[in-house]
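Trainee: Before we interpret anything, could you take me through this entry step by step, with the reasoning behind each reading?

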Amino acid sequence: MKEGRIFLYVSPNVIIPIMFLVLVLASLAVHYSILSNTTWFADFWQGAAVTAEAAAAPAV
């Protein structure tokens, strides 16, 4: 198991919290970029409903 060799050089008490912190920060960065770059999310938080014309699919 090649992946386990890292623990010969770095203690699991150090690397596991660092890996968890990196995971959390990456997740927060992705969520922030998605929520800040959408046009509908602010309306969703304000309780704006989708209009009937936009919600209904055109019958073709």
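Trainee: What percentage of the accessible surface of the chain belongs to carbon and sulfur atoms?

Mentor: We are working from a predicted model, and its values are computed from the coordinates. The accessible surface of the chain comes to about 5,800 Å². Of that area, the part that belongs to carbon and sulfur atoms is 71%.

Trainee: In which helix is the confidence of the chain lowest?

Mentor: The chain holds 3 helices and 0 strands, and its elements run α-α-α from the N terminus on. Average pLDDT for the chain is 81, with 78% of the residues scoring at least 70. Confidence is highest in α1, at a mean of 93, whereas the lowest mean, 56, falls in helix α3 (residues 52-55). Where pLDDT is low, the predicted coordinates should not be read in detail, a caution to keep in mind for the element with the lowest mean, helix α3.

Trainee: Is I15 buried or exposed?

Mentor: I15 is found in helix α1, and, leaving aside residues up to four places away in sequence, it touches F7 and V10. Of the 60 residues of the chain, 5% count as buried. The relative accessible area of I15 is 16%, and because the cut-off for burial is under 20%, I15 is classed as buried.

Trainee: And L28, is that residue buried or exposed?

Mentor: L28 also lies in helix α1, which spans residues 12-36. On the surface, L28 forms a nonpolar patch together with F20, L21, L23, V24 and L25, with about 610 Å² of accessible area together. Its relative accessibility is 53%, and since the exposed class begins over 50%, L28 counts as exposed.

Trainee: Which backbone oxygen lies 3.4 Å from a polar atom of the side chain of S36?

Mentor: S36 has its place in helix α1. With a relative accessible area of 40%, S36 lies between the two cut-offs and is therefore partly exposed. The backbone oxygen at 3.4 Å from a polar atom of the S36 side chain is that of S33.

Notes
Residues numbered from 1 in each chain as written. Predicted model: local features only at pLDDT ≥ 70, side-chain atom pairs only at ≥ 80, totals over all residues. Heavy atoms only, no water. Helix = DSSP H or I, 4+ residues; strand = E, 2+ residues; numbered from the N terminus. Buried < 20%, exposed > 50% of the residue type's maximum accessible area, 1.4 Å probe, protein only. Areas by Shrake-Rupley, 256 points an atom, 1.4 Å probe, with all protein chains shown as cover. Patch = residues over 30% accessible without salt bridge, like charges linked within 9 Å, V, L, I, M, F, W, Y side chains within 5 Å. Salt bridge = Lys/Arg side-chain N within 4 Å of Asp/Glu carboxyl O. pLDDT = per-residue confidence, 0-100. Polar contact = N/O pair within 3.5 Å; in protein donor to acceptor, adjacent residues only side chain to side chain. Contact = heavy atoms within 4.5 Å.
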